[in-house]
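Visitor: I have a structure open and want to learn how to read its features. Where do we begin?

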Amino acid sequence: MAKRIFDILVLLVAFASCAWTQNPWDDTERAACEVYRKGIKAPYYYCDCHMTSTSFTFPLDTIVKDTMWFDATINDIKQGLSAYWFADCAATIEVYLMCTNKTPIYKMTVQPNRMCEIDAAEIQKKIEENSDKVQEAISTLTPHMRVYPEGKGSGRVYCYPYDKGPASTCVDPLPLRAGMLYINADEEASYRLDYSQIPASSKAFIHWKEKKNTPCEMWLTMDSCTGEEIGRTKLSDSLHVYILDSAKLNIAREGQRPIWLHTKHAANKTGRIHYYIDPHFSDPAEAVSKSACQGKAIKQNGRNYTSDTAFVDTVWVKGDTLRTMELNLTFTAPEIEYDTLRLEEKDLKLGYRHTDYGVTLYAYGDTLIEVQGASACARKVLLTVMEPTAYEIVIDGQVKMRKQMQDGQVFIIIDDKQYNVFGQQTK
């Protein structure tokens, strides 16, 4: 039971580490607290823990410069959490069950420029794994957390419910930091990449991830949010990345010029983006050669291909690691089929709809038809529409002769030769 309660406390710590606000107290209250602290031999931080711990509400946006105390109950974290820590230093988080505790029951360090998130569904699942008695005990816990920047550093913290995050716009952009995860919930967003965040190698990429592979359009501008466009792409899945132009990045870094990343995707969709620098490449994957008939698609690395192509594909593996794969995809053209159709002239006047081939015919002669079926091989049919004939004479299952009416006269056709009713050849 103790282990399960401790697991929930870890979630509480991760959640409450964002509630970095502080309430002042007057000198009289502080003095009285100090007298009491010494009397019960409590640790030096007892008064800060007891008098300044505070809860928070979403959204939170504050600057952290000094030690702060706060608390959060299990009910606070059921919404889940998305938390951003923009800082030039790390921050240490300690959790105490009571302000009289002399050592924390949990301690962790958050590195600068990092984002963490906790899925509300996962929190609820973890709670429901416990017995009713344990769940009741968890619901009464109100641990106290102490957060302090390392050294004399400071930082800015944002806290939002899970799958939400601060808007990033041209007016108030979030800074793009290497390795940091960004919740991208708005239909359009703009992020600012300072030249100092461009590596000396000028090699970097953007990774886009969305649960159902909703496409995301991305483009870059130089110097300002509305500056010169220096790159554009559209990511349709989470396996492929946007590899930024090294030459353009080098120009920005050497000229100390900012670059702006713009994103646009379908409304009511929430994705995540990562900016990675100095990518690593794992060993190339085995080359892939596939063929199919025209009309069908070949799916490879999360994308569908319908025409011949040969190139080196680059896919995301994990973190800042990419992998290349040589692709050679070919599609076989269909052989021509032949078909004949005989129609009366009146049938062509308004157009004859051939449902099997999906075409409308208006004249006699040959028509090359391409039939594209859904996920089926394509067909090419040379359809010949012949002039009207009265009837054909069939013997032993084979056409021997046929009678044809032209301009009110009857003709006999034998082996493509035309005869009148008197047996004289006319053609």
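Guide: With burial. This is a predicted model, and Trp 69 makes a good start. A residue counts as buried under 20% relative accessible area. Trp 69 has 2%, so Trp 69 is buried.

Visitor: What relative accessible area does Tyr 96 have?

Guide: Tyr 96 has 1%, and Tyr 96 is buried.

Visitor: How do I read the two rings as a pair?

Guide: Take the distance between ring centres, then the angle between planes. Centres within 6.5 Å make a pair, and planes that are neither under 30 degrees apart nor over 60 count as tilted. For Trp 69 and Tyr 96 the centres are 5.6 Å apart and the planes at 40°, so this pair is tilted.

Visitor: Which parts does the pair of Trp 69 and Tyr 96 tie together?

Guide: Two strands. Trp 69 lies in strand E2 (residues 68–71) and Tyr 96 in strand E4, so the pair ties together parts 27 residues apart in sequence.

Visitor: What are the ring distance and plane angle for Tyr 84 and Tyr 182?

Guide: Their ring centres are 6.3 Å apart and their planes at 50°, so Tyr 84 and Tyr 182 are a tilted pair. Tyr 84 belongs to strand E3 (residues 81–87) and Tyr 182 to strand E10 (residues 181–184), so parts 98 residues apart in sequence are tied together.

Visitor: Are Tyr 84 and Tyr 182 buried or exposed?

Guide: Tyr 84 and Tyr 182 are both buried. They also belong to one aromatic cluster, formed by Tyr 84, Phe 86, Tyr 158, Tyr 182 and Tyr 191.

Visitor: How many aromatic pairs does the count come to?

Guide: The count comes to 13 aromatic pairs.

Visitor: Now the cysteines. How many disulfides does a search of the whole structure find?

Guide: Four. The test is a pair of cysteine sulfur atoms within 2.5 Å. Count the bonded cysteines along the chain, and the pattern is 1-2, 3-4, 5-6, 7-8.

Visitor: How do I read one link, say Cys 33 and Cys 47?

Guide: Check distance, torsion, location and burial. The sulfur atoms of Cys 33 and Cys 47 are 2.1 Å apart. The torsion about the S-S bond is -110°, and the link is left-handed. Cys 33 sits in helix H2 (residues 27–39) and Cys 47 in helix H3 (residues 46–52), so the disulfide ties together parts 14 residues apart in sequence. Cys 33 is buried at 7%, and Cys 47 is buried at 1%.

Visitor: Which cysteine does Cys 49 join?

Guide: Cys 49 is joined to Cys 99, S to S 2.0 Å. This link is left-handed, with -75° about the S-S bond. Cys 49 lies in helix H3 and Cys 99 in the loop between strand E4 (91–96) and strand E5 (106–110), so parts 50 residues apart in sequence are tied together. Cys 49 is buried at 0%, and Cys 99 is buried at 7%.

Visitor: What about Cys 170 and Cys 225?

Guide: Their sulfur atoms are 1.7 Å apart, and the two form a disulfide. The S-S torsion is about -50°, so the disulfide is left-handed. Cys 170 lies in the loop between strand E8 (155–160) and strand E9 (174–175), and Cys 225 in the loop between strand E13 (216–222) and strand E14 (228–235), so the pair ties together parts 55 residues apart in sequence.

Visitor: Where do Cys 170 and Cys 225 fall on the burial scale?

Guide: Cys 170 counts as partly exposed at 38%, whereas Cys 225 counts as buried at 11%.

Methods
Residues are numbered from 1 along each chain as its sequence is written. This is a predicted model: local features need pLDDT of at least 70, side-chain atom pairs count only at pLDDT 80 or more; totals for chains, interfaces and linings use all residues. Side-chain values use heavy atoms; hydrogens and water are left out. Helices (H or I, at least four residues) and strands (E, at least two) are DSSP runs, numbered from the N terminus. Buried means under 20% relative accessible area, exposed over 50%, partly exposed in between (1.4 Å probe, protein chains only). Rings of Phe, Tyr and Trp (its six-membered ring) pair if their centres lie within 6.5 Å; planes under 30 degrees apart count as stacked, over 60 as edge-to-face and the rest as tilted.
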